Structure formats: structure tokens, C-alpha cells
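I opened my notebook today to follow one chain from its strands outward to a neighbour. Come along and look with me.

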Amino acid sequence: MRNIIISNNPLVAEKYENVFFVDGSVEETLVKVRDLVYEGHELVSHPLAASLRVLFSPYRSVIVANQCEQLNFDHAEIIEGSICKYKKHMDVRKADEANSDDYKTVDLLLLQSALNDEKGKW
Amino acid sequence: MSDKFKVLYYVNQFFGQIGGEDKAGIEPEFRKEKVGPAIGFESKLKSEGEVIGTLICGDNYFNEHKEESLSFVMDVIKKEAPDIFVAGPAFNAGRYGVACAEICKAVADEMGIPVVTGMYIENPGLDTCRKEAYVIETSDSAGGMRKALPSMAKITCKLAKGLEIGSPEEEGFIARGMRKSLIVEKRGSLRAVEMLLKRLKGEEFETEMPMPVFNIVEPAAAIKDLSKATIALCTSGGIVPAGNPDHIQSASAQKWGKYDVSGRDALNAPDFYTTHGGYDPVYANEIPDRVAPLDILKEFEKEGYIGKVNNYFYTTTGTGTSVANAVKFGTEIGKELKEAGVDGVILTST
Amino acid sequence: MVKEIERYGIPIVHMATITTISQSVGANRIVPTVAIPHPVGNPTLKPEDEKALRKEMVKRALDALATDITETTHFE
Amino acid sequence: MKLEIGRIFIKDIQLGSETSVKSGVLTVDESGLIAKLKEDERIKDVKIDVARPGEKVRIIPVKDVIEPRVKIEGGLNGFPGVTAKPAQCGEGRTQVLYGAAVVTVGDIVGFQEGVIDMWGEGAKWTPFSQTYNLTVDINVIDGIDPHTHEEIVRIAGLRAAEFIGQAGKDVTPDEVLTFEIGSVFEETAKYPNLPKVLYAEMMITQGLLHDTYIYGVNAQTILPAVLHPNEELDSAVISGNCVAACDKITTYQHQNNSVILDLYAEHGKEINFMGCIMAPEHTTLAGKFRVSDYTVKLAKLLGADAVVVSEEGYGNPDSDLLMICKKCEKAGIKTVLITDECAGRDGMSQPLADTAVEAVAVVSTGNVSHVITVEPAEKVIGKAESIAVLAGGWDGALAEDGTFQCELNAVIGSTSEIGFHNVTCRLY
């Protein structure tokens, strides 16, 4: 298996096998991703989404490479920067629980799209 | 009752017309009248506001008894309930500037009213209050009073009446570091094309988002003779004594710790471990010297390669620690190291 | 933290794995290290080799402190 | 390529029984439009309404904004590759109902926000408070998956714009704009001494609610492609993303891309505007590397001296923007970037998490976290519940009288990174 999905989204954990499930917040998920990057796993997908509304999502899935290589500094900076950016937006914001099912679905669909995008390419 | 807004004014012993350096030790006092620059200041308010009183304190007294002075000042402000607070201008006077800055910051934080002061750009008090106060930029000496007061009065009127404050250039204050969103005449794409044309012609252009400049510190001079030098060990890798007695946070650290290692040969487990939340702690917990190499430094000390390892070892966690805290820690730790006569520092990060 | 300590005129050497970050926080003397979880160690080596490695790195750091520089320098 | 845009100035919209423009008043045949849209059997229900500048009306959640147009000469009417057969865009004559916009409203997921206020404080921050908006609120039948739902609403908006655009077919325009740029060789021969400039337009291309289409092709699947600027001005590019309210490029903004228009204005005077590179924003890092390399390669191949780069979205696209910037600058190609920023609610934070020393010329289109306070509306078009999502962002955001605070990121087009609006940030 080439990839591991780090996710706190139960829908993702149900659907895929190569998931490291984080029973916690998006921030904890990103911190787990950071730990793996520090251990030498490369990021496959970017830790953040491309829109602000989805940045407010209580669910997030990030793909990292399964194999452990030398620490990739660029990736370490990307994940550190992402955590900073995430915290900056979420510090005072309330979690949008009312729409959590929709957030789960969108996170899953965006993840699928990333996996498709990645398929058959290096 | 008048409908004028109420200003409370702060000056030091000199501008409070009590005396010069010899009077710098006087305790804070409050007078229900206008003293010194407050008089000129009020005349510039165009009868829209009035100065209801002047606080005066000696510069030395303030800096040596900060808490007492601040509490006196705050009590007066609470009682008098001004709409706005004005201090200085302090020009380039260091102690006066620090007093104005500390008071402005405290008033803004606790009372939530607007605060205005004036300083020379290099006044050491500036950084304390530039975010909280509107600091009018002044010349470096009291000769600039005539220019400073109208600007201070103008911005005071605007703040008191809740009017929109113009740009730092228009109002003459020192930029507070705030990114203000505003609507301008030209749309973004047109500004981009104009910037492009200037860049292509080699003309000067101004980016709308300056990249952060990391203000560089000149490298300190090298140690002349290692064998006589005292070397201190610091780490942001969160190595702490067993039990983490000072409760150093695993991430977003709020404090640092220092531990006497004069009697140790190494930071060996299980006496030490890492509290850092940002990396896999297994390796550090096995041998904490992998993060903070006290073992080797002590060997070099024995061998005479270095003079001495500093008695204290300093530690905090790097993860998610805000820049402001990192600066604070560095300043505090650096001060101790300086006082301890340390000649060089090894900082390890994870 | 690095800058603030150096501002007191005390030379400081930063031993860090992500040297780009080290540089961006203003370190002038930088010694690149092994890996984030064990900057001055390597658990895959035999204990005596690991210690030799650490000693070599710390020596490099000390020598960096004894070297006059005018700009950010990596001691590798 | 030569394109004429005939602008018919619209001064009001009325609902009626025919679709026409008379003395600047656009009348829309309401039942005819509904019937047209309901030809798609998956659409259960359509509500048409009008929102005019100054009215105390709030539209929420906005999915897309489209300019109604009709092609009267050259090419095919509609949106080739989507609502019409594939055809070349960018030539002939297109008539535009200038000042009117079709605004699709439709919640595909519950957390959409995207607000347009037609009056007061809110109106200042969106360019679409200045257009006469025909709102099309679409409900789909049960059991439709989110992807299909998004597609239905996207295409219904385009069809509505096409339907209404017909009103301009035989009207003499108030103004005719001509856009003409020949081949790069012709233009370079004409203007040998002018600097060659390209526009790299980044597009969100990451899956549901995060897609962009060129001639109907999902841009996630393309390598960066060169477009003649006229193609985009003539409806070749369509937005399929609807959750990045403040900085997404709506279809209307593609049709009127302000960077293209402002570069066009300097073509032959100060610059030689050679075209647009459409750069997809991938979510994978490999994709980001590939696209940035490819974009810079195209710029080098065309001999560009400078590139204007605009971003779409916020978060992972910031990486693409800086990658393109760094690689261009390294290749000796000067860049100007357009992006929004997050300086926190009080504006006191460092605006960027990603930084690059190469990014020396950046236009800021505003702080996405800037807080504005808006009054309650007299009329809400769309889904009133979405206001709760918008107003419930943090404690104390909603006051008792219904006034609430929201961040600019909820307002359509407020911090448009193609510089469509007039917002910026300054150091105070």
C-alpha cells in the first residue's frame, strides 16, 4: 500500500482500509500528520482545503506516503504553516455541529477526488 | 454638565513642572487641573473636549515602583472616568517613554478606552504600546512639542467622537501593525497592472503585502578561548526532570524552566524525559542527551576543551509556541545567561 | 529565541534539523542535526558509535562558537 | 482573434410574461423560464425573484453568478461544451445585458454561506450589490447525490442566463467593446519593444464544490492550458465551486475577468498581452509541483517578461501561488501576485503563513477575517436557515435585534483574488 490516510472522519475510516483514525479534532489530526512528516513520511495531499468554509469543517483527511524516507523539509514547513493557519482561523470560532454530516460527506468526496487525481501518477 | 468629551492627561515630573532629574523620584499625584503640555493640548481640541485633570509621576519612581504607580494611576482613572487617555509626548526620553507606554497599555487593556501618546520612533517604550495606543510620531527632543500637540489633539478628537481614523501617514501616528481592510478607489486588478508596469519600467513600486522581515541580529563575536569559556545548554526540545515539576506545556509553551545540572554527568533517563508534544518521544526518552547533549559537554569540560558548563540548563518546547512567547523566553533566558557570565550558548531544537 | 539571546552579545549556535526554519528565526551559527526526534543522536547506531557522533557534532557546535563570522553560516 | 461585446445597459428587471429589453428595462418571462429549467426532470421546483441595488434584500446561499448574454455572430450561442455543442469562443459578436446578473441560489450542503446584501454595510463589500439580480432558487427531487445536485444547479444557472440573454438579441447596444489580439508573432512584430506579459489564472479544481470547467472539461484533469483572453471573456470558463464565497471566481467574474480587461487596456501601449495560462490547483503536492513547473515552462516558451498571477481560494492554493512565483522569478520572469490574506479578526496577525522572499510585488484584496456588522434584512431570498450558519460563527456574533457580525469570507466576491472588487489591506 502506497499511502496512509490520516483522518478524523468516521465515513473515511469506514470506507478505506489504510486509515489512521484520529479520534479527535482537526487540529489533532494535523498534529498527527506533522508527527509522521517528522518521521520521514512525505505529504501526498496538502493538509488544508482550498476554501474557507471547508477550513471550518470539523473533519479533515490528509494523505501521506506509507514509506518512510528522509525528512522532507519543504513538507515539514507546509504542515507547520498549515497548523498555524488553521489555528488562526479557528481560535474563537465555534464548531459547526449542525452540519457535521455534510462536512463528513464533503471531506470524503474531496479525499476521493484527491485519490483519483493521484492514481497512476507518481 | 458640558457635552465635551473628557480627557485625562499624564506627564512626568519635568513636564509636570515639578523639577528635573532631582525630582525624578516623586510619587504619583493627581491634580484636577491642566499642567504643562495639557494646557496647549486642550487649546487644540477646539472646545470639543476638555482636560479634566493631570496625573504626574517621577520617571524613576514609576520605573522602580511600577505596580504601585500603575495601581495609583488606574484608581484615578476609574474614579474620574475619562472618555480618552493621553500621555506625553515623551519624545526620545527612555524612562518617560516606558512610563507612558506601560500606563497606556494598562489603560487600554483594563478600561477599553482609546489612548493617545507621542514618541520618537526609537523610544524604548514604543514596542510596549504601539498596538494598543495611537502613538503620534514626534521628533527626538522637546523642541517638537509644537508639532506634536496638534496631531495628538486631532486624533484624540476623532477617537473620542468615534470617527474613522485615517492612515498612519495622514494622521501622523506610528503604524500599529494592524492590517486594516478598506475599500479603495481602484479595483485590485488595476492595482496589479499598475504595479506590473512600474516593475517592468524599473520604477519604484510598493507591494501591498510586505513579506515579514526577520530583523537580523549581528552575529556576536566569537569566543576567544574555549578552554576558559562557560557554555550554557538550552533546548526547545522539552527535556525536563522526571515529573515535569514546572509543568512546562507540551505545546504552545507559556513558560520555560531551568534546572541545576552542576552535579550531573548527563541528562539520563529516567531522571529526565521530554514533554514535547511535537515529535515521537521514544528516542528522547531512552536517552535525553540525544536532544540536549549534556553528557558530551561535561566530557569536554573534564577534558579541558571548554572551561565550564553553566550550572543551569534551560528548557522549553518549540511546538506551536507563539512568536511573541519565543521572543519573551529568549529575552528572559538571555538576561539570566548574561548575568551568569556565560560566554556561549548551544541551543538544540527538535 | 536565538536572536534575543544573541542580542545580549553572547554567541549562540543553533543545532537544528530543519535548518531553513533555523535561518528564518535569525540564527547566525547553525549546525545541522540528525533528525527531529533525536537531533544529536542516532538510535540505529551502536551506543559507542552514537556517542562518538554526538561528540563530533557538539565539538562542531563549540568550534562554531569560537569562529568569527559576518553572516549566517552553516557548520557542516 | 476579434471579439465584439455589445453592452446593453440594464436599469431594472421586472417579471412578466415575455422576455425583452425595452428602454433598459429587462422583463423576464417568469413562467417561461421556469418551464425551460424544469425540462431537466430532476428539478422539482424553481423560484424566481428580483433583487435590486438598494433594496433591503439578502440573498443566501449564493451558488453562482452569471451574466446573461446572447451570441449574435460567429461561434455558438450559450456555453459551448456545456449548454451547447463544442465550439470556438472568443470571436464574433456577443451581446451582453450589462448590469444584470443571474444569481443561482441553492444549498447543496447545509454549511454554504455566500451572502449578497443589496443595501447598507453588507452591500459595500460585494460587487454584486450593484447589479440587478435575477435570482433563481433551485430545488431538486429527492435522492440526488451531491455531485449530481451541484451539476444540476450549475447548469440550470447557465441555462437561465442563456434564456434571458435572448432578450438582447435584436437590441442595439449602448456601447460596443472590441477585443482583438492576433498571434504572438503578429503582436510581437507590431510591438517589438513592449514587454511580453502573460496572465496565469489559478483555478480551484479539487472535487465537489471545488471545481472549474473550461469548455465543459473539468480542469482538474488538464495540464495548464493557454487560452486566448477572448475565450474567457466569451464564456469558455465556468465556475463549479460554491463554498469559497469571498474569493471564488464566479462565472460572471470569468466572463468579465478584471485582470484580463485591465491587461487588455494596456495592450499595444505599455505591454504586449500574450494570453492566459489556466493553472489548475490540485490538492496533491505532486500536482502542485507539476502545475507550477508547467506554468513556468509555458511562460518561458512564450518568452514572457512578466506574469500576473491570480489565486482562487484560500488554504492549500497559497502553496501553488508561491511555487509559481518562486519558479518564475528564478527564471527571470517578473511576477505580480494577487491574493487575499488572513490577518485575524483584529488585523493584528502576520498576514501570511506561507512566505517567499521572491514575492516582492503582491496586491492584497483584503483580510478574509475582517468582521462586518450587518442589519437584518426585510426580505431574504434563498434559505433563511443559512443565516444561522453565517451568524453563528462565534459567541456573541448575533445580537438581539437581529444584527449580526460576519467575516468577509462569507460575502460573495468580497476579496476576489482576480481583483474584481475594491477591497485591500493597509498597514495601520
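**Entry 1: a pair of strands.** I began with strand β1 (residues 5–12) of chain B, which runs parallel to strand β3 (residues 49–57) of chain B, with 8 bridges joining the two. I keep in mind that this is a predicted model. Which residue of β3(B) is the bridge partner of B:Lys6? I looked it up, and the partner is B:Glu50. A reminder to myself: strands in a sheet pair through hydrogen bonds of the backbone, in a parallel or an antiparallel way.

**Entry 2: the whole sheet.** Next I traced the sheet that holds these strands. It is an open sheet of 6 strands in chain B, its pairing is mixed, and the order reads β2-β3-β1-β4-β5-β6. Why do β2 (29–31) and β6 (134–137) of chain B each have one side without a neighbour in the sheet? Both stand at the edges with a single partner strand, so nothing in the sheet flanks that other side. From one strand to the next, I note an average twist of 25 degrees.

**Entry 3: helices on the sheet.** I then turned to the helices. Helix α3 (residues 66–80) of chain B lies across β1, β2, β3 and β4 (84–87) of that chain, and its angle to β3(B) is about 160 degrees. Helix α4 (residues 94–111) of chain B also packs on the sheet, where it touches β1, β3, β4 and β5 (115–119). The direction of α4(B) makes about 165 degrees with that of β5(B).

**Entry 4: the chain overall.** I stepped back and found 11 helices and 13 strands in chain B. How many of its 350 residues are buried, as a percentage? I wrote down 46%. The radius of gyration of chain B is 26 Å, while a compact globule of 350 residues would come near 20 Å. Its C-alpha trace spans about 75 × 60 × 40 Å along the principal axes. Of the contacts in chain B with a separation of 6 or more, 72% join residues 24 or more positions apart.

**Entry 5: meeting chain D.** Last, I checked a neighbour: 33 residues of chain B are in contact with 47 residues of chain D. On the chain B side, β7 (179–183) and α8 (188–201) each give two or more residues, and α8(B) has the largest share, with 11. I sorted that side into 17 nonpolar, 6 polar and 10 charged residues. Strands take part too: β7(B) runs antiparallel to β26 (residues 423–427) of chain D, joined by 5 bridges. There, B:Lys180 has D:Arg426 as its bridge partner.

Technical notes:
Residues are numbered from 1 along each chain as its sequence is written. Chains are lettered from A and ligands numbered from 1 in the order in which they are written. This is a predicted model: local features need pLDDT of at least 70, side-chain atom pairs count only at pLDDT 80 or more; totals for chains, interfaces and linings use all residues. Two residues are in contact if their C-beta atoms, placed from the backbone, lie within 7 Å. Helices (H or I, at least four residues) and strands (E, at least two) are DSSP runs, numbered from the N terminus. Ala, Val, Leu, Ile, Met, Phe, Trp, Tyr, Cys and Pro count as nonpolar, Asp, Glu, Lys and Arg as charged, and the others, Gly among them, as polar. Two strands pair if DSSP finds at least two bridges between them. The radius of gyration is taken over C-alpha atoms; the globule rule is 2.2 Å times the number of residues to the power 0.38. A residue is buried if 20 or more other C-beta atoms lie within 10 Å of its own, exposed if 12 or fewer, and partly exposed in between; C-beta atoms are placed from the backbone. Axes are lines fitted to C-alpha atoms, for helices over the stretch in contact, and angles run from 0 to 180 degrees between N-to-C directions.
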